[in-house]
Amino acid sequence: MAQDDVFKKVVAHCKEYGFVFPSSDIYDGLGAVYDYGQMGVELKNNIKTYWWQSMVLLHDNIVGIDSAIFMHPTIWKASGHVDAFNDPLIDNRDSKKRYRADVLIEEQIAKYDEKIEKEVAKAAKRFGESFDREMFCQTNPKVLAEKAKRDALHERFSVAMNNVDLEELRQIILDEEIVCPISGTRNWTEVRQFNLMFSTEMGSTADGAMKVYLRPETAQGIFVNYLNVQKTGRMRIPFGIAQIGKAFRNEIVARQFIFRMREFEQMEMQFFVQPGKEMEWFEHWKQFRLKWHKALGFGDDKYRYHDHEKLAHYANAATDIEFKMPFGFKEVEGIHSRTDFDLSQHEKYCGKNIKYFDPELNESYTPYVIETSIGVDRMFLSVMCAAYTEEALANGESRVVLKLPAALAPVKLAVLPLVKKDGLPEKAREIMNELKFSFNCYYEEKDSIGKRYRRMDAIGTPYCVTVDHQTLEDNMVTLRDRDTMEQKRVAIADLRELLQDKVSITSVLKKLS
Ligand code: ATP
């Protein structure tokens, strides 16, 4: 199936099965804002729990907080967001569509990469086992020509971005003959800077209202609380503070469903270390975070690092963990070594000493910070894309199955009476009432058993049990496995023990330690 189609199907599936709805749907939606439905909220909560427990439960030197969305406006001056949280935008005069200039150019670079990959794939097929990829890339004239164009463009782009040279960005778009995907023309406006923060007013205008921002990241709530937490929690460096919360960005181009939203959720952890030790910790968190993703079992080839060449003004190292979405490898998480930039800025702007006193060294210093920052919604999207599967069955039929890791699945067990009579519903309810304290169960008596299995496959329920007449006599049920579709008779009394481990987040967490 073409990857474009996969993505469209995932989006449609999310709506059809109660995972994600456009916000304000009956009013035709609101750009790049989405609501999570009855299944979506469960999956999302499970993702958050997996992250939270992997940070706070598994590390005795990491604690959590929940800071407010509104913060003192000077925080955003200190952090650099008021002056520099900008994206370069460009409009196409014919389609009247707006784009991020940097994204247009990055997509062009990706096109060169794709061309190279195509040549490599063709050659690999031709040469078979004896194919030497490295040698081919170093010598094939077509590959070398594409690579030279790609590298030259990349270099020119990096310089333009680093110098915030908006004219040059436009010139690159013209020179590369990049066209608007809607109108197909090159009728571009100038490139302008656009600040991504939403603002509102706090207090009534009569008292002189104050302009406040909706936070564009959760990290600053951690920085301004780090000393409160350190002192009250008697934390010693190295230590971390984790937070899950909403963030808001007035994104210029909001496309690709929940990949880029205007209201989204982040899971961030700031790890405070002694200056000079940051690279060691950066490596540590880079490894740990990739392991966290891979532990879900979607396949290691779905992930890659993308080290940043252009570093943000505050960082001395940065990498993204990218996930293979149907529309290419895309950032899901960022790991940044933020130096002492944020804390030093806050110290300067608030005028207070916020240094850490290190009892071992008997000196005060401003800690360095390693940050891991992942978007819940992007993670959600990556999970949905990886899980969505269409399968042809032996009987000639097909099914759509969400192969979600059992630990993340919204429903763990469906309890299905074979028929709606003869005491089977009552027996099924009894099983539900027993197991619902251990994991999320779902009761369904409508439609044929085959249809009910399909519905459970479509929402990713890893196990179903069917209650039949025999059950009333022997207290055994048919347990069906979502992925293998195998069925076996098991005793009701054994269900909890059989399933609990398999569906619990603990089972994935154990892979991390
Ligand atoms: P991008 O380059 O895609 O705009 P970013 O580098 O600005 O992302 P960060 O500021 O590093 O993103 O934010 C950390 C994480 O928050 C990202 O890896 C992503 O998962 C998530 N995120 C950022 N912006 C959005 C958004 N508009 N919608 C959904 N998730 C987002």
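So, glutamate 322: buried or exposed? In this predicted model, glutamate 322 counts as buried, because its relative accessibility is 8% and the cut-off for buried is under 20%. You'll find glutamate 322 in strand S12, which covers residues 317–325.

What does glutamate 322 touch, once we set aside its neighbours within four places in sequence? One group of contacts is Lys302, Tyr303, Arg304 and His306, and then there's a run of Phe329, Lys330, Glu331 and Val332. Hang on to those last two names, Glu331 and Val332, since both are among the closest residues to the ligand.

Okay, on to the ligand. How many residues surround the ligand? The count is 16, and the closest are Glu251, Arg260, Met261, Glu331 and Val332. If you sort that shell by class, you get seven charged, five polar and four nonpolar residues.

Which strands feed into the shell? Three of them supply at least two residues each: S10 at 263–273, S13 at 328–337 and S16 at 368–375. The biggest giver is S13, with five residues.

Now let's look at some individual atoms. Glutamate 331 puts a polar side-chain atom 2.6 Å from an oxygen atom of the ligand. Valine 332 does it with the backbone instead: a polar backbone atom there is 2.7 Å from a ligand oxygen. And for glutamine 266, a polar side-chain atom sits 3.3 Å from an oxygen of the ligand. As for how covered the ligand ends up, on its own it has 590 Å² of accessible area, and the protein covers 85% of that.

Let's go somewhere else in the chain, to arginine 215. Look in the loop between strand S8, residues 210–213, and helix H9, residues 219–223. Arginine 215 is in a loop, but it still counts as buried, because its relative accessibility is 2% and buried means under 20%.

Its contact list, not counting residues up to four places away in sequence, comes in two stretches of numbering. One has Ser67, Ala68, Ile69, Met71 and Trp76; the other has Gln243, Gly245, Lys246, Ala247 and Phe248. Pick out lysine 246 there: its backbone oxygen is 2.6 Å from a polar side-chain atom of arginine 215. One more distance here: phenylalanine 198 is 17 residues from arginine 215 in sequence, and C-alpha to C-alpha the two are 8.0 Å apart.

Last residue on my tour is phenylalanine 341, in helix H12, residues 341–350. Phenylalanine 341 is buried too, with a relative accessible area of 18%. Leaving out residues up to four places away in sequence, phenylalanine 341 touches Ala78, Ser79, His313 and Tyr314. Proline 367 is 26 residues away from phenylalanine 341 in sequence, with 9.6 Å between their C-alpha atoms.

Let me zoom out to finish. The whole protein has 18 helices and 23 strands. It's as compact as a globular protein of its length, because the radius of gyration is 26 Å and the globule rule gives 24 Å for 513 residues, which is close. Along its principal axes, the C-alpha trace spans about 75 × 65 × 55 Å.

How much of the protein counts as buried? That's 50% of the 513 residues. The accessible surface comes to about 25000 Å², with 49% of that belonging to carbon and sulfur atoms. And if you take contacts between residues at least 6 apart in sequence, 66% of them join residues at least 24 apart.

How values were computed
Residues are numbered from 1 along each chain as its sequence is written. This is a predicted model: local features need pLDDT of at least 70, side-chain atom pairs count only at pLDDT 80 or more; totals for chains, interfaces and linings use all residues. Side-chain values use heavy atoms; hydrogens and water are left out. A residue is near a molecule or strand if one of its heavy atoms lies within 4 Å of it. A polar contact is a pair of N or O atoms within 3.5 Å; within protein, one must be able to donate a hydrogen and the other to accept it, and residues adjacent in sequence count only if both atoms are side-chain atoms. Accessible areas come from the Shrake-Rupley method with a 1.4 Å probe; for residues, only the protein chains shown count as cover. Helices (H or I, at least four residues) and strands (E, at least two) are DSSP runs, numbered from the N terminus. Ala, Val, Leu, Ile, Met, Phe, Trp, Tyr, Cys and Pro count as nonpolar, Asp, Glu, Lys and Arg as charged, and the others, Gly among them, as polar. The radius of gyration is taken over C-alpha atoms; the globule rule is 2.2 Å times the number of residues to the power 0.38. Buried means under 20% relative accessible area, exposed over 50%, partly exposed in between (1.4 Å probe, protein chains only). Contact means heavy atoms within 4.5 Å.
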